Amino acid sequence: MSDQAIKVAVLAGDGIGPEVMTEAIRVLERVAELRNLSFEFDHQLVGGAAIDAAGCPLPDATVAACEAAGAILFGSVGGPKWEHLPPNDQPERGALLPLRKKFGLFANLRPSICLPALTHASPVRPDLIKDGFDVLCVRELTGGLYFGQPKFRKEEEGDILAVDTMVYRKSEIERIAHVGFQAAMTRDKRLTSVDKANVLENSILWRETVNEIAKQYPEVTVNHLYVDNAAMQLIRDAPNFDVLLTENLFGDILSDEMAMIAGSLGMLASASLGQTSGNGLYFGMFEPSGGSAPDLAGQGVANPIAQILSAALMLRFSFGLETEAKMIENAVAAAIADGFRTGDIMTDDASLRQVGTKEMGEAILSRISA
Ligand code: NAD
């Protein structure tokens with residue numbers, strides 16, 4: 001690794017954000033120590049904290065820090081204190097969406113991992129997931145029904161008409177398909193593409209394009225599922241999936257379904273990736289799948305694992321530090337295997353040890369080995 005510091009914009013945000021972020025930074029510093037790396041963390045305000053201190057959810061200084069960094073490590077934003085504000089001034093809409101837009105974050109990756117020791121946290125019958133599972137949802141984030149034009153509402157012949165338009169360009173499908181296949185190449189080399197090609201023109205183009213791109217990744221086994229069938233198969237047989245590739249709307253729904261099947265939100269990381277820099281790496285924003293958990297904020301009991309695993313994804317996708325990412329993921333698995341549990345993943349098993357945010361951070365930190 002070069003001597004240059006790895007620049008990260010750190011946006012901890014609101015609620016449990018700052019608590020779990022502290023643990024993620026400590027983990028990264030430990031990795032840096034062991035692997036002779038150097039991080040430069042630029043801490044900036046975002047969300048409600050930025051509204052309180054600077055009058056808006058995404059101050060210019062925060063955007064500038066993100067522009068100067070190789071990646072954004074994001075906590076979470078929002079909370080009851082800011083819910084009275086007009087929608088566009090609220091923390092989520094005023095910070096998250098502009099960041100996604102500004103950095104062209106077109107690919108959303110949500111690993112849905114249920115470790116064998118945590119299958120009890122899943123609402124799925126234990127015999128269906130007895131060895132746990134590890135599914136990576138790759139969702140297109142900037143196209144499809146959410147952004148297609150025209151989008152309007154009007155009165156017509158005494159009735160009301162509302163129109164949303166689902167649009168995909170082949171180039172957009174190619175771009176996200178490459179992300180999916182590249183991810184599959186680092187995993188079990190199986191990719192399931194989800195569409196609705198029996199009904200939608202968009203999906204016919206999606207399927208054709210995925211099949212074309214598949215030729216560039218001959219080692220990856222590809223299959224296609226209609227979205228309604230995928231929704232059922234994920235519940236029936238989650239361990240049978242490796243990478244799930246899909247468009248924006250289907251991905252929105254299926255990635256939340258997978259989060260539910262995996263158990264606690266406190267365990268689930270996510271990555272939103274933007275343009276490549278030509279070397280297989282992405283600019284990205286890395287954050288827990290959950291929100292600011294106002295019910296837990298300030299108590300030191302939130303699970304820091306989603307934030308810590310988001311830092312691991314950042315090392316992998318933005319900085320190409322696969323070994324270091326695995327060091328963190330292995331340490332998390334080891335802390336769980338050794339019985340450490342935050343409240344959200346605790347059971348009444350007497351051999352387990354319930355810990356707070358900081359102790360869980362320490363348990364992971366002490367299990368990182370080079
Ligand atoms: P939430 O994800 O914050 O909480 C849902 C449930 O999951 C709560 O019971 C919470 O305690 C639990 N949970 C979440 N993260 C946890 C963790 N790390 N450890 C243990 N338990 C955890 O969702 P919500 O309650 O719907 O929203 C709360 C606030 O967060 C709202 O203001 C919402 O707008 C915001 N939000 C922000 C983001 C984001 O910043 N990306 C995402 C979702 C929600």
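These legends describe close-up views of a predicted model. Local features need pLDDT of at least 70, side-chain atom pairs count only at pLDDT 80 or more, and totals for chains, interfaces and linings use all residues. Residues are numbered from 1 along each chain as its sequence is written, and side-chain values use heavy atoms, without hydrogens or water.

**View 1. The shell around the ligand.** The ligand has 20 residues around it. A residue belongs here if one of its heavy atoms lies within 4 Å of the ligand. Val77, Glu92, Gly291, Ala293 and Asp295 come nearest. By class, the shell holds eight nonpolar, eight polar and four charged residues. Asp, Glu, Lys and Arg count as charged; Ala, Val, Leu, Ile, Met, Phe, Trp, Tyr, Cys and Pro count as nonpolar; the others, Gly among them, are polar.

**View 2. Polar contacts of the ligand.** A polar contact here is a pair of N or O atoms within 3.5 Å. One ligand oxygen is 2.6 Å from a polar backbone atom of Gly291. An oxygen of the ligand is also 2.8 Å from a polar backbone atom of Ala293. At Glu287, an N or O atom of the side chain is 3.2 Å from a ligand nitrogen.

**View 3. Arg316 in its helix.** Arg316 is found in helix H9, residues 305–319. Helices are DSSP runs (H or I) of at least four residues, numbered from the N terminus. Arg316 counts as buried because its relative accessibility is 17%; buried means under 20% relative accessible area, with a 1.4 Å probe and protein chains only. Leaving out residues up to four places away in sequence, Arg316 touches Leu281, Leu321, Glu322, Ala325, Lys326 and Glu329. Touching means heavy atoms within 4.5 Å.

Technical notes. A polar contact is a pair of N or O atoms within 3.5 Å; within protein, one must be able to donate a hydrogen and the other to accept it, and residues adjacent in sequence count only if both atoms are side-chain atoms. Helices (H or I, at least four residues) and strands (E, at least two) are DSSP runs, numbered from the N terminus. Buried means under 20% relative accessible area, exposed over 50%, partly exposed in between (1.4 Å probe, protein chains only).
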